[in-house]
Amino acid sequence: MLVAGFETAFNAWMSADPDALMRLNPLVGRIINMYVRDMDLTLTLVPTDSGMHVLRAYQDKPDTQISATLATFFTLASKPSRRKTLLASGQLRIRGNLLVAARFSRWLAGHQADWEALLAGLIGDIAAHAVHGRSSQWSEWVGTTIKALEQDLVEYLQEESRQLPVDWE
């Protein structure tokens, strides 16, 4: 039930951006696991030409797995400056194909939906405007958080774990 609800919400979110499916194309055929360690909960995201499938059980190896405790995911969301520390300490782990992880991050960050118009059709113009004002602030924060996570991941992989070459200026 949780997975079906998450998939429905995720695809509704995607439908609010007319370019979302087109931008999803580089991820079609890739498998992304989101693992909440303390809940032993894995949600498998499967991008397709028609949207995002969310699965509870997936037998094959994913292309990318992002794992953390629920508290760590919340910390990451509320305190983006802690990303580097979370990665270095192992509290936040990204395994597998880092290019897929980076593409997924960019895809999320690039979401452009007209939420106010979508909400206006459901709850009216005035209420939609009020809700949209608050959600726009949150959306801006999420975008900034995703960009910072991507930058911190590259920095960690270059400087801390030395898995990527350092850019020479």
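1. In this predicted model, Phe104 is in contact with Leu27, Ile32, Leu45 and Met52, its neighbours within four places in sequence being left aside.

2. Phe104 also belongs to the largest nonpolar core, which has 16 residues. Met14, Leu24, Leu27, Leu45, Met52 and Trp107 stand with Phe104 as the residues with the most contacts inside this core. At least two core residues come from each of helix H1 (2-15), helix H2 (20-24), strand E1 (32-36), strand E2, strand E3 and helix H5 (98-109). A second core, separate from this one, has 10 residues, including Leu86, Leu87, Leu92 and Tyr156.

3. The sheet is open and has five strands, in the order E3-E2-E1-E4-E5, and its pairing is mixed. Strand E3 (51-55) and strand E5 (93-96) form the edges, each pairing on one side only. On average, neighbouring strands of the sheet are turned by 20° against each other, direction ignored.

4. Strand E2 (residues 41-48) and strand E3 run antiparallel and are joined by five bridges. Within this region, Thr44 has Leu55 of E3 as its bridge partner.

5. As for the chain overall, it contains seven helices and five strands, which follow the pattern α-α-β-β-β-β-α-α-β-α-α-α along the sequence. Of contacts between residues at least 6 apart in sequence, 66% join residues at least 24 apart.

6. With respect to burial and surface, the chain has 169 residues, of which 34% are buried. The chain exposes about 10,400 Å², and carbon and sulfur atoms supply 57% of that area.

Definitions and conventions: Residues are numbered from 1 along each chain as its sequence is written. This is a predicted model: local features need pLDDT of at least 70, side-chain atom pairs count only at pLDDT 80 or more; totals for chains, interfaces and linings use all residues. Side-chain values use heavy atoms; hydrogens and water are left out. Two strands pair if DSSP finds at least two bridges between them. Helices (H or I, at least four residues) and strands (E, at least two) are DSSP runs, numbered from the N terminus. Axes are lines fitted to C-alpha atoms, for helices over the stretch in contact, and angles run from 0 to 180 degrees between N-to-C directions. A nonpolar core is a set of buried Ala, Val, Leu, Ile, Met, Phe, Trp, Tyr and Cys residues joined through side-chain atoms within 4.5 Å. Buried means under 20% relative accessible area, exposed over 50%, partly exposed in between (1.4 Å probe, protein chains only). Contact means heavy atoms within 4.5 Å. Accessible areas come from the Shrake-Rupley method with a 1.4 Å probe; for residues, only the protein chains shown count as cover.
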